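Me: Please take a close look at the site where the ligand sits, and describe what the protein places around it.

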Amino acid sequence: MSVSVSLEQIVSLAKRRGFVFQSSDIYGGLNGCWDYGPLGVELMNNVKEAWWRAMTYRDDIEGIDASILMHPRVWEASGHVGSFADPMIDNKTSKKRYRADLLIEDEITRLQKKGKDEDAVTLQGKLEKAAAPEDYYQIIVDNGIKDPVGGTDDWTEVRQFNLMFKTFIGPIEDSSAVVYLRPETAQGIFVNFNNVYQSSRQKVPFGIAQIGKAFRNEINTRNFLFRTREFEQMEMQWFVKPGDDEKWYEYWLEERQNWFGEYGISSEKLRVKPHPYDKLAHYAKAAMDVEYEFPFGWGEVEGIHNRTDFDLAQHAEFSNKKMEYFDQAENIRYVPYVIETSIGASRSTMMFLIDAYDEDKVGGEKRNVLRFHPKLAPYKVAIFPLIKKEGMPEFAQKLHKELQKNYKSFYDESGAIGRRYRRQDEAGTPFCVTVDGDTIEDGTVTVRDRDTTEQLRITAEGLGAWLAERV
Ligand code: ATP
């Protein structure tokens with residue numbers, strides 16, 4: 001991205017162009033849920049495809065697709081029933097509920113904006129040390145943090161709020177029928193460790209990858225697709241011999257950062273941030289966030305975690321089934337350690353959308369353009385007849401149908417050619433092809449590049465091969 005864009009601009013463009021709509025829009029929307037429109041579903045599918053190819057088109061990673069509803073014991077073993085909770089606080093006057101840590105983070109941002117950098121650093125230090133509900137409460141009270149809505153400081157105590165959505169299996173809604181909507185896809189991988197390792201005959205180190213929906217009853221949804229209640233994750237668990245974990249942790253940290261670069265995210269917009277040792281999740285030995293600089297500040301897009309043997313050992317204990325690997329060469333058995341890479345498909349789709357946004361001038365006129373990597377662009381090509389006569393529409397339609405066998409192609413014959421280009425620029429289509437009078441004579445077409453707006457002339461027949469090299 002070379003211009004700064006606000007989140008409001010992105011949300012409005014996303015709606016206007018059919019990338020993302022508020023869920024249940026006609027009923028006033030449902031908080032924290034979003035629907036992907038015609039362009040959005042293509043973009044997100046392409047993001048998922050790019051990840052899936054990078055992660056599973058290799059010999060040592062297998063893919064799976066586990067069900068969203070799982071045995072409730074899974075979430076006891078994983079620790080989610082006991083500790084998958086956020087600290088929440090209520091304001092007694094406004095009756096608004098906040099995530100206590102985010103309330104403090106907002107205060108830090110406010111201090112920074114006011115130029116009170118020293119105070120902001122002090123508060124950040126306190127926040128990083130906070131762990132128990134009382135710690136958050138004390139910080140909020142000591143710093144006189146007020147309700148951003150009502151402006152008062154009459155707070156309840158801070159309580160832990162479990163983020164898992166509950167529902168019931170079968171017709172009777174009692175406690176024995178409770179199941180959860182999975183809050184992460186990872187557990188579907190752990191419980192299938194034996195199945196995959198035995199059926200695929202993989203040898204450690206190897207990985208299992210999955211893309212799928214996850215649900216969290218987030219207290220404060222915010223920032224468009226950044227924090228939603230229903231979202232999609234792309235996770236890979238890499239099983240290694242204990243002792244080899246640190247080496248593989250470094251390996252995946254580098255691999256995953258390279259992936260962002262391959263799809264055009266500039267390195268200045270990315271940074272990695274380690275989790276402080278005393279803030280690590282209950283299962284982790286080390287953890288690093290890959291963060292992107294969003295219009296609202298730096299935010300995590302992907303987490304790389306060393307989960308040790310925590311999950312497999314827990315599932316072995318709770319299920320009474322061995323979760324071990326037998327190393328034939330060394331004749332030893334062990335519970336593998338796990339390096340996890342966990343990225344939000346929806347959160348990263350928003351990152352790619354924001355990063356692609358640009359404005360420039362073409363022929364003296366301002367244009368909005370989405371400079372997606374061609375592999376991520378919703379439409380790869382658009383086909384235009386210059387005018388609606390002299391055989392041009394027929395030729396263009398035929399070309400479009402031919403390309404459509406392999407590529408998402410868009411046909412447009414309405415309006416001036418400049419307007420048709422603009423519409424495609426704003427959808428991020430990398431190439432526009434115009435069929436004109438010469439096409440009918442000699443079979444050549446004009447291909448116009450979205451980024452440079454330069455045009456070149458090639459044969460319509462060679463267009464498929466030309467595109468294959470670029471998208
Ligand atoms: P956060 O601290 O932002 O709540 P987290 O550390 O709980 O995130 P993980 O559990 O590590 O996140 O989840 C892995 C990835 O899943 C995140 O990096 C993010 O891309 C995505 N993700 C997590 N929660 C949400 C959410 N509520 N909405 C959208 N994406 C999410």
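Reply: A backbone N or O atom of T228 lies 2.9 Å from a nitrogen atom of the ligand, a polar contact in the sense of a pair of N or O atoms within 3.5 Å. The protein covers 85% of the 590 Å² of accessible area that the ligand has on its own, with areas taken from the Shrake-Rupley method and a 1.4 Å probe. A second backbone N or O atom, from F226, is placed 3.2 Å from a nitrogen atom of the ligand, while R227 brings a polar side-chain atom to 2.7 Å from an oxygen atom of the ligand.

This is a predicted model, in which local features need pLDDT of at least 70 and side-chain atom pairs count only at pLDDT 80 or more, whereas totals for chains, interfaces and linings use all residues. Residues are numbered from 1 along each chain as its sequence is written, and side-chain values use heavy atoms, with hydrogens and water left out.

Around the ligand stand 15 residues, of which E218, R227, T228, E300 and V301 are the closest; a residue is near the ligand if one of its heavy atoms lies within 4 Å of it. At least two residues of this shell come from each of β10 (230-240), β13 (297-308) and β16 (337-344), the strands being DSSP runs (E, at least two residues) numbered from the N terminus, and β13 gives the largest share, four residues. By class, the shell holds six charged, five polar and four nonpolar residues, where Asp, Glu, Lys and Arg count as charged, Ala, Val, Leu, Ile, Met, Phe, Trp, Tyr, Cys and Pro as nonpolar, and the others, Gly among them, as polar.

Note on methods. A polar contact is a pair of N or O atoms within 3.5 Å; within protein, one must be able to donate a hydrogen and the other to accept it, and residues adjacent in sequence count only if both atoms are side-chain atoms.
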